[in-house]
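Hi,

Here is the structure I promised to pass on. Have a look at it first, and my notes follow underneath.

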Amino acid sequence: MFVDIHTHNKYSKDFIAIRNLSLIEAGQVLSGENTAFFSVGIHPWNTDEYSEQWLTVLFENASNHRVVAIGECGLDKNISTTLEKQIVIFEKQIVISEKIKKPLLIHCVGYFNELMAVRKQWNPEQQWIIHGFRGKPQLARQLLNAGMALSYGEKFNTDSLKITTLSELYIETDESKLSICEIYKMIAAAKGCEISALSAGYDLMKKYC
């Protein structure tokens, strides 16, 4: 079964997909009748407009049985919000992830050392998945050794992919126009394995399917 661990595209019944929602979208989508799966979080790009009320809304939405992950959330060096403020908001989402026992889908740009420091400090029980990973194998190894998993999309570093174990390897479309099936085929070919071996996403979703 193909599992799209992170997408902004609309849900398809042909595979399992986790569609990312903003807090505004979540209020609209989760009140409707559908059987899709979702992630909900406070993206670092939205941290300048952050208010404490967002956390209450996020917790309520994240507790919905169709929400299977918190995110995307994380740290981004290319925005004006200070690192300190980003970390505070990120850590609040770590608390929610741990409390409701759902993984984090993480957006990280330029702050990987800081991300690993936060993880070491919190020592979370829930899985952290770096979405859209394109970094070099040296960084991949550091993140994997720190206990994180990596999600790969249309564009990826083949050497990083090769050192990512199957249990730590997730696959996504994000905003790609390629189908999840096509991306699975690309990754299986680069990894040198059967498509059926790429099962981490399905293993994560078993309790919901």
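To start with a small one: which residue in E3 does Leu-21 stand opposite? Val-40 is the one facing Leu-21. Bear in mind throughout that this is a predicted model.

That pair takes us to the sheet. Strand E2 (residues 16-21) and strand E3 (residues 37-40) run parallel and are joined by 4 bridges. They belong to an open sheet of 8 strands with parallel pairing, in the order E1-E2-E3-E4-E5-E6-E7-E8. E1 and E8 stand at the edges with a single partner strand each, so one side of each has no neighbour in the sheet. From one strand to the next, the twist averages 30 degrees.

Now for the helices on the sheet. Helix H3 (residues 83-100) packs on it, touching strand E4 (67-76), strand E5 (104-109) and strand E6 (128-130). The direction of H3 makes about 160 degrees with that of E4. Helix H4 (residues 112-122) lies across E4, E5 and E6, and runs at about 175 degrees to E6.

One residue of H3 that I followed up is Ile-89. Its relative accessibility is 2%, so Ile-89 counts as buried. Apart from neighbours within four places in sequence, Ile-89 is in contact with Ile-42, Thr-47 and Tyr-50. Ser-179 is 90 residues from Ile-89 along the chain, and the C-alpha atoms of the two are separated by 33 Å.

H3 also turns up as a partner of helix H2 (residues 53-62): the buried residues of H2 pack against helix H1 (23-29), E3, E4 and H3. Which residues of H2 are buried? They are Leu-55, Leu-58, Asn-61 and Ala-62. Those residues cover an arc of only 130 degrees around the axis, and therefore sit on the same side of H2. Gln-53 and Glu-60, on the other side of H2, are exposed.

H7 can be read in a similar way. Helix H7 (residues 180-191) has 12 residues, which at 1.5 Å a residue should span 16 Å, and its end C-alpha atoms are indeed 16 Å apart. Its buried residues are Ile-180, Ile-183, Tyr-184, Ile-187, Ala-188 and Ala-190. Because they cover an arc of only 165 degrees around the axis, they are on the same side of H7. What do they pack against? The partners are strand E1 (3-7), strand E7 (149-152), helix H6 (158-163) and strand E8 (169-171). On the other side of H7, Lys-185 and Ala-189 are exposed. After H7 comes Gly-192, with a positive phi near 75 degrees.

Last, the cysteines. How many disulfides does a search of the whole structure find? The count is 0. Take Cys-108: the closest cysteine sulfur, in Cys-73, is 11 Å from its own, which is too far for a bond. At 11% relative accessibility, Cys-108 counts as buried. For Cys-193, the closest cysteine sulfur belongs to Cys-181 and is 15 Å away, so that pair is too far for a bond as well. Cys-193 has 22% relative accessibility and therefore counts as partly exposed.

Cheers

Conventions: Residues are numbered from 1 along each chain as its sequence is written. This is a predicted model: local features need pLDDT of at least 70, side-chain atom pairs count only at pLDDT 80 or more; totals for chains, interfaces and linings use all residues. Side-chain values use heavy atoms; hydrogens and water are left out. Helices (H or I, at least four residues) and strands (E, at least two) are DSSP runs, numbered from the N terminus. The expected span of a helix is 1.5 Å times one less than its number of residues. Buried means under 20% relative accessible area, exposed over 50%, partly exposed in between (1.4 Å probe, protein chains only). The arc is that of the directions from the helix axis to the C-beta atoms. Contact means heavy atoms within 4.5 Å. A disulfide is a pair of cysteine sulfur atoms within 2.5 Å. Two strands pair if DSSP finds at least two bridges between them. Axes are lines fitted to C-alpha atoms, for helices over the stretch in contact, and angles run from 0 to 180 degrees between N-to-C directions.
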